[in-house]
Amino acid sequence: MSKDICGDCTLCCKLPPIFNEKRDGTLDYDKPFKEFNEWCKNCSTKKGCDIYDDRPDICKGFYCLYAQSKLEGDPMDEAFYPKKSKFFVTIENEARLKEGQVSIYIDETRHYDVFTKAPYNTFVKNLLDNGWKIILNAGKKVYLYQKIGNRYAEFKYPEPFVFGKRNVANPIPMEIVFGSKH
Ligand code: SF4
Ligand code: SF4
């Protein structure tokens, strides 16, 4: 995040966990810099970073999709400004990009039925129609959405969701919850 791009949005200082990098470049999932769905201790005003000039590199380098679009001079619709929308979209890392996976983090104060309404429904549907998988982090619940055949499937990860523990060798079983109301 960068003040110049983000203004006084700080949603990514609350919703995702932030992990320190280990010497070998992998993330240290055992000692998060900040926890999932909790305000970072350095965001006391909730309008800016108290240690802005010294914020960790991972914060300096992070741009959600909206911020990235502004950075590249082709801004998304203002409805996607995370301060207003209460959610942000991101591709977490190279591995997730290769898997065709997009993540959405949404504030627990906003119900994620927003994705069934304009303008967000078109955005989400386009992603799924183009073969992307969407991981939705909503409060402490985590869902996967993907198009299977001509159906839109929803899967729920068991709680508590453990970041960094999902891999090919150790998949997390998911419950299919087609059409549930949550
Ligand atoms: S959520 Fe996006 S717009 Fe908001 S502070 Fe983070 S990077 Fe910037
Ligand atoms: S260190 Fe600053 S930029 Fe990073 S999450 Fe905390 S408040 Fe946000």
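Two strands are said to pair if DSSP finds at least two bridges between them; strands (E, at least two residues) and helices (H or I, at least four residues) are DSSP runs numbered from the N terminus. In strand β4, which is joined to β5 by 6 bridges in parallel orientation, Tyr105 stands opposite Asn137 of β5.

This is a predicted model, in which local features need pLDDT of at least 70, side-chain atom pairs count only at pLDDT 80 or more, and totals for chains, interfaces and linings use all residues. Residues are numbered from 1 along each chain as its sequence is written, while chains are lettered from A and ligands numbered from 1 in the order in which they are written.

The open sheet has 6 strands in the order β3-β4-β5-β6-β7-β8, with mixed pairing. Its edge strands, β3 (87-90) and β8 (175-176), each pair on one side only.

The largest nonpolar core (buried Ala, Val, Leu, Ile, Met, Phe, Trp, Tyr and Cys residues joined through C-beta atoms within 7 Å; buried means 20 or more other C-beta atoms within 10 Å of a residue's own, with C-beta atoms placed from the backbone) has 28 residues. Strand β4 gives the most to this core, with 4 residues.

The shells around the two ligands consist of residues whose C-beta atom, placed from the backbone, lies within 6 Å. Ala, Val, Leu, Ile, Met, Phe, Trp, Tyr, Cys and Pro count as nonpolar, Asp, Glu, Lys and Arg as charged, and the others, Gly among them, as polar.

| Shell | Nonpolar | Polar | Charged |
|---|---|---|---|
| Ligand 1 | 12 residues | 1 residue | no residues |
| Ligand 2 | 9 residues | 1 residue | 2 residues |

Among the closest residues to ligand 1 are Met1 and Cys12; those surrounding ligand 2 include Met1, Lys34 and Arg55.

How values were computed
Buried ≥ 20, exposed ≤ 12 C-beta atoms within 10 Å, placed from the backbone.
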